[in-house]
Amino acid sequence: MSSSSTPPSNNRSRVKLYTLNEERQWDDRGTGFVTCISPTTSNTNHSIIVKSEADGTTLLESKILLHTKYQKQQETLIVWSEGEKYDLALSFQEKAGCDDIWESICDVQRKDSSTFLTTANNLTTDSAIYESDDDCIESNENYLSSTITLPAVDLGHLRDICDLFSPEKVRDATRRDFLARAIESENYIRKLLDLFHICEDLENLDSLHQIYEIIRSIFYLNKSTLFEILFGDEFIMDIIGCLEYEPQLTIKTKRNHREFLDQKATFKEVIPIGNQELLNKIHQTYRIQYVQDAILPAPSLFEENLLSTMNSFLFFNKVEIVTLLYEDPKFLSQLFSTLKDDNLSDEKRKDLMLFLKEFCVFSQTLQQQNRDNFFQALATHGILNVIQVMLSLDDITTKQAALDVFASIVECNPSTVREYMLQETQSTQDDDELLLNLVISEIQSDPDPELSGALNLMNYLKLLIDPENMMAVSISEKTEFLSFFYIRSMSVLLTPLMANTSDLKLVRDDFHLAQLQNLILDFVTFCIEHHTYHMRNFLNKKDLLRRVLVLLKSKHQFLQLSALRFLRKIIGLKDEQYSLTIARNNLFAPIVDAFKANKRRYNLLNSAMVELFEFIRQEDIKTLINYFVENFYSDFEPITYVKTFRDMKLRYDAHRDKRERIVSESSPTSSTSRFHDNFNTSHLLSIQRLRKDERDLDVDEENWFNDDADENRISSFNHGTLFSNSSDDEDSQPETTSAISTSEPPKSRHSLANNDDEEDDDEDDLPTSSRSFQNKPVISIHIQRSPTSSTPALPSDTSSPTSSQTAEAASPYAMSPALSSIADQYNDDEDDDDDDGGEEEEEEEEEEEEDEEEDEDETNSDSYSLKNKRKLDDNDNEEHEQNKQFKKTNDQS
């Protein structure tokens, strides 16, 4: 027994560590080197230590305790349990290393290493038939002994031999260990098989039934050493012969397993295998699998774990077979070079594909990382290209094997398949030759009436296009693949559905086609949920929803429900674009027709349609509610067993009343105060919170007030030029006039500069009619060129705001401070309620009057000037009152 603390780095001590998970599958915990260390001051027990070969970390440190039951299997496995649900296994690379550790364990437990075999409590997980703590104490007292004497093997003692395996005698694990050792040491199995031949020759059916029970009980001892004997080349066929004679069967009805294995089950070595050890493993694994699947009866609830050792036996055999083949550098190269040979016969190609299929099935026993490496190696050798060639052949078996290999690759590594398909688009222009379209073609041509194969392939297609499986892929690659799928493959997938609904009529309605269309609908429903952008564009381009709703005319209710489920998924997205498409194309008409055709039947179709409308009502999808009530409510008004349609009508009426109320409040007949109170108050308040106070002075105004020269100049302008009787030539000097009227105030320069965006928003919100109801007089100042008349007076409200601003920008003059303060005072009295409305009303009035001015200029300029003189005289009186107000304001300030 070694006492070193560091494991030697050689193949003799190289092991793989496995743990048994909750699903009774072995998980690979890593590869390392094992050693058995002696007790130290900190550790008073002998221990098994496994150090990782990669980084030297400790993978396992297990104390060797006296009560722990270890089991040696297949000469290179040691299995044991620690705790109730923690099973461990060490798989050695060499038999010598396994023997060394096994001897160390036996030395610590003071057992004979050549004969001592125990079984792990939870690895075998003995059934409830054998488990009872109280009964085990009694069985220990009655049955435990250092040796077990087996009865003689003859016809007279068959009943005694059967009694050895009665449940009450083998419920104790230790007794089963001794019984298994006695059977192995006395060559008992060979003697039983010799007796079997005698009974079979004599056609002694009772004795054959007893031998069947004995051999079956030996299997349920669950010992790996006995399995090696039972499945050896010398005894395997006779063991299978014993298991043919079930007590429930007669000579004529028994199953001829030996005949099947001799004449039908033949081993084909499609690629020569030179490793004899690998060949033996393959033969042994096949026999164990056949016995487990075809011969032994299905275990009951109490027996399901009695063959756990045989399951472990199979598992490790498969791992070893795949590993040996995968690590052989010449094997894979020879396999794929043979598959790609154009001169290969069809029968040989079929055998190679069947082998490759079985190879992929065995690879499922590998751990995830090793399995990824395995399929990556297959992809490197061109497995997807081989599958593509096989799918173009006519042999059904070959194509089915290729599809199974394709499914295994997609399930394990879908990104590799997507990468190949994108590369394929660069070199293949014919859509029919694409790998994805070949798989779709196989889905559509599945001969099975239930389409079981097509259903499986559809699920693997979902894995390929599922965005959740593209998390590690860049966004550009994901978009590129989905674009490729919708452009070059989606139409191919939908071909049966589109062809069967041409002219919006159901061409065929047989069961097989209905099943296929049901699969297609399930797939596109998945796409609606996961591919929002691509599927919306495709649906609108192909008018897919209208075609799908044609299937509501089918006699197969499952197909009707699939079509309804597709529409329900679309409406469930609550996408307004989809809602508008439904309303615009009148796509509820097929639903209504189906509802009428179903009449008052209380079935799943009726409930699904009612739930559809109930969802629309609950989510208050206004577009669909309005569309439904306006077009179809009369058909559903008599339905009273649900409140859905009545409530939809109530919602529709509420929406209509609200619209009418808004329209009536915004009409000219409504009062201004009601309009402002109910419609615009909150909006104006929000604007005022964001608006700069118009009474604040900006930088230009402060400079203007501080500049005495400007003030004097403007004062002389107002009192001299503005009201003088002289006139200048129109072409040489523009005559500037002013009119003051009781209209709405214009914005000052700083107000216009700060509130342009807000005015636009307010003008959109407020109707024109509402802006005309302003009761308080406000100052309006207009400065522009005079018309052709020689009179100094200007017509009021003859220029638009745009022209006023242009004139102001071009002129050295601006509004006086007095008039600006008066305008601000009136604006303050209004509490800023009418700022935006007055501006808009003034623009409209000025534009109308400007048009009138142009017409009057052409006909009679003299009458036009006389009219404006009267206006100016009236406005002089108004100016006098405003000047008083201006003086009062200055005194207050």
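What follows is a short back-and-forth about a predicted model.

Student: In what order do the 7 strands of the open sheet run?
Tutor: The pairing in this open sheet is antiparallel. β4 (58-63) and β5 (70-73) stand at the edges, each with a single partner strand, so one side of each has no neighbour in the sheet. Reading across from one edge strand, the order is β4-β3-β2-β1-β7-β6-β5.

Student: Which residue in β6 is the bridge partner of K72?
Tutor: Start with the strands: β5 and β6 (residues 77-81) run antiparallel and are joined by 4 bridges. In β6, K72 finds its bridge partner in I78.

Student: How far apart are the end C-alpha atoms of helix α1?
Tutor: Helix α1 covers residues 95-109, which makes 15 residues. At 1.5 Å a residue the helix should span 21 Å, and the model agrees, because its end C-alpha atoms are 21 Å apart.

Student: What covers the buried residues of α1?
Tutor: Quite a few positions in α1 are buried, among them C98, I101, W102 and I105. The cover over the buried residues includes β2 (26-37), β3 (47-52), β5, β6 and β7 (87-92).

Student: D99 forms a salt bridge with K95, so is D99 buried or exposed?
Tutor: The closest N and O atoms of D99 and K95 are 2.9 Å apart. The two residues are 4 apart in helix α1, which means about one helical turn separates them. K95 counts as partly exposed at 39% relative accessibility. D99 has a relative accessible area of 17%, and because the cut-off for burial is under 20%, D99 is buried.

Student: How many residues apart in sequence are the parts tied together by R287 and D233?
Tutor: Their side chains meet in a salt bridge at 2.2 Å, N to O. R287 lies in helix α12 (residues 276-295), while D233 sits in the loop between α9 (224-230) and α10 (236-242), so the pair ties together parts whose separation in sequence is 54 residues.

Student: Where is E203, the non-glycine residue with a positive phi near 55 degrees?
Tutor: Most residues other than glycine have a negative phi, so a positive value is worth a look. E203 counts as exposed, at 62% relative accessibility. Its place is the loop between α7 (188-202) and α8 (205-219).

Student: And which residue with a positive phi follows α1?
Tutor: Phi there is near 60 degrees. The residue that comes after α1 is R110.

Note on methods:
Residues are numbered from 1 along each chain as its sequence is written. This is a predicted model: local features need pLDDT of at least 70, side-chain atom pairs count only at pLDDT 80 or more; totals for chains, interfaces and linings use all residues. Side-chain values use heavy atoms; hydrogens and water are left out. Buried means under 20% relative accessible area, exposed over 50%, partly exposed in between (1.4 Å probe, protein chains only). Two strands pair if DSSP finds at least two bridges between them. The expected span of a helix is 1.5 Å times one less than its number of residues. Contact means heavy atoms within 4.5 Å. A salt bridge is a side-chain nitrogen of Lys or Arg within 4 Å of a carboxyl oxygen of Asp or Glu.
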